[in-house]
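Please open the structure in your viewer and keep the selection tool at hand. The stops below say what to select next and what is to be found there.

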Amino acid sequence: MIRIGKRYGLVGPNGAGKTTLLRLIAGEFPPDEGSIAYAGMSVGYLKQETEEVAAHLTVLDETMQAFAEILALEAEEHRLIEFMDTEPNHESDEYVKAMETFNSVHDQLQASEVHLIKPRTEAVLSGLGFKEEDFNRPLSTFSGGWRMRVALAQLLLRAPDVLLLDEPTNHLDIDSIDWLEEYLKAYPGTVVLVSHDRYFLDRMVNTTVELMQGQLTEYAGNYEFYLQDRIIRREHQKAAYVNQQKFIAETERFIERFRSKNTKATQVQSRVKSLAKLEKVAPPPADEAKISFRFPEPPRSGRTVIEFPQFSKSYASDTGAPIHVFDNAGPLRIERGDKIALIGKNGAGKSTFARMLLGAEPFDGERIEGYNVAMTFFAQHQAESLDRKQTPLDALRSMAESRSETELRTLLGAFLFSGDDVFKTIGVLSGGERSRVALARTLASPANLLVLDEPTNHLDIHSIGVLTEALRQYTGTFVLVSHDRHFLDKVVNKVWRVEDGAIRQFDGNFSDYQWQVEHGTAKAYTAPSAENSSSAKAQTPASSSNTSPGGGPKTKEQKRLEAEERAKSRQKQIQKSQSKSAGLNNFKLKNEYTRVTTELEKTEQQTKKLAALLADPDTFSNPSKGSKLLADFEAAQKNLVSLNKEWEDLASEMGTRGLE
């Protein structure tokens, strides 16, 4: 039963039927058995996909269809006024009837506050990220994500008694999610949410409903409460089930033992009836499979990964006037081990800066790439370049030839491909499933710099947890574009906000960033220069072997990382002693060093050119062209890693002999 005024969060594993249940409640199709009673309540449903729109309708026109009945009354009022203005005989029956109808229509319009429709619509559109100049643009010129925002705005303005929202935050930026939260807090009706955003669920719902194995179980709290209470309930259910099974076994033994004894006939019959009337306790659900994966160990980069001393970026608008995305921004520096969240409003320049990171976007300024940087990136449009004839397992195997099939299937399992799903052809998968395959391929590569654009969009909460843990253990550097605040809280150590032509830098995770903003302590952070960094490092006393840099005792994780670092150092010494370059004479060593250096430079340039093409969504309008480019890019990346290792070996030997 859905109760008035409640805020429900509908949760459950992927494929449990959450979207199907919402569609049943919305009346999109009838139930196979039983019925749904609405008790006079109106129901509104936000789907995960958008529908086609008329080419001529503007954003404002389409959104205002939420008030279709009122707009029809307004059109009727205008028609009546025009008739009465042109009717010469004010005594005619037609005129009198028109006047009576006009008075009724006018009263209805006044009661519905028709004068507030347009400003209310504009306020909701602004809250969801639209600019004023967007209101009168044709909706057909916007992407699917922006059309979803219009559908959400229309639904909020329609204000049904029961609001069904299926992943409403998927296409919103963090600012728009904050606005939506405030709007829903004041919403007078009932709200039912399906979302993979834990932070959103925790703040929005007061009742959580779990859909598992066709059964609904209600919990009187938000998602965090549900997680805790579910453990307690399952422990109780398990104890009750075990006790009942023990009672049943003992009763059946008694019946079997004394069935043929006349003196025990009464007791036997009593126990038989007792078992027949017994209400069976269902066995507790099986524990969720613990899926985990670790990134392949990436090659070690230099301390500075990428640096932008100062930069500007502009686009030409339709009118020819420049649109300034970045205006003398910087300096920015990404250092080894940085875990950066890139946030900001949609259109502020996050994707532009991500392409600049990849070296795939021209701009005014300098991009300085550090030593031995191996990049890989993920964006939703890459899913369109996958080979439709391959299986998900094939797609991963081509990127990670050294990893076992068990490892690859574990990685696919983390992204919701289990059992025979790994053998389906990519051509029969949905858009969301193909996106998950593309993400898995990205994570299988041994890069030391990841640039991930909305990696959680098509994942359920469990899969996001798996990705979270993998990123926490990842020893490389990454930059994330994401609106999932709980996810960001768990994995990042810096937040970069793109806003007003600049990028402001904050230390800490997303909650730390929020606290700084809310308490007015947030200040633009200036990256230290190389000289200052060296000086600061020289002035910092060396920590003892048993203390952390902060002065406290080292954690197990710190000790583990140090042990791994020592093991790597020993391995490098072994590799050096086995180096092929050690057997070359000076003449051959110099020639080989020159050859590899030249080939390395050519491969770096080739990789950058391919990255620029892959970063352009238009590339994937031709799937076969996109597939070939992606294959070329992956081959170039592998070659780059191999050449870097070879160059390091040669450079080290050159330095040892004093030949540099």
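With the whole protein displayed as a cartoon, you are looking at 21 helices and 18 strands, in a model that is predicted. If you colour the 660 residues by accessibility, the buried ones make up 43% of them. Among contacts with a separation of 6 or more, those between residues 24 or more positions apart account for 69%.

**First stop: an open sheet**

Select strands S14, S15, S16, S11, S17 and S18, which in that order form an open sheet of 6 strands with mixed pairing. Which strands stand at the edges? They are S14, residues 375-378, and S18, residues 502-507, and because each has a single partner strand, one side of each is left without a neighbour in the sheet. As you turn the view, note that neighbouring strands of this sheet are rotated against each other by 15° on average, when direction is ignored.

Now zoom in on the S14 edge, where S14 pairs with S15, residues 449-453, in the parallel sense over 4 bridges. Within this pair, Phe-377 can be found standing opposite Val-451 of S15. Next, add helix H17, residues 510-518, which packs on the sheet and touches S11 (339-343), S17 (494-499) and S18; the direction of H17 makes about 110° with that of S18.

**Second stop: two helices**

Select helix H5, residues 117-127, together with helix H7, residues 174-185, and you will see them pack at an angle of about 135°, with their axes 9 Å apart. The two helices are therefore oblique to each other. Showing the side chains here, look for Ala-123, Val-124 and Gly-127 on H5, which make the contact with Ser-176, Trp-179 and Tyr-183 on H7. By type, the residues of this contact of H5 with H7 divide into 4 nonpolar and 2 polar, with no charged ones.

**Third stop: Glu-210**

Finally, select strand S5, residues 207-212, and pick out Glu-210 within it. Is Glu-210 buried or exposed? Its relative accessible area is 4%, and because buried means under 20%, Glu-210 counts as buried. Display the side chain of Tyr-226 as well, since a polar contact of 2.7 Å joins it to the side chain of Glu-210. To see the wider surroundings, leave aside the neighbours within four places in sequence and show the residues in contact with Glu-210, among them Val-11, Leu-216, Tyr-219, Arg-230 and Arg-234.

Methods: Residues are numbered from 1 along each chain as its sequence is written. This is a predicted model: local features need pLDDT of at least 70, side-chain atom pairs count only at pLDDT 80 or more; totals for chains, interfaces and linings use all residues. Side-chain values use heavy atoms; hydrogens and water are left out. Buried means under 20% relative accessible area, exposed over 50%, partly exposed in between (1.4 Å probe, protein chains only). A polar contact is a pair of N or O atoms within 3.5 Å; within protein, one must be able to donate a hydrogen and the other to accept it, and residues adjacent in sequence count only if both atoms are side-chain atoms. Contact means heavy atoms within 4.5 Å. Two strands pair if DSSP finds at least two bridges between them. Axes are lines fitted to C-alpha atoms, for helices over the stretch in contact, and angles run from 0 to 180 degrees between N-to-C directions. Angles under 35 degrees count as roughly parallel, over 145 as roughly antiparallel, 65 to 115 as roughly perpendicular and the rest as oblique. Ala, Val, Leu, Ile, Met, Phe, Trp, Tyr, Cys and Pro count as nonpolar, Asp, Glu, Lys and Arg as charged, and the others, Gly among them, as polar.
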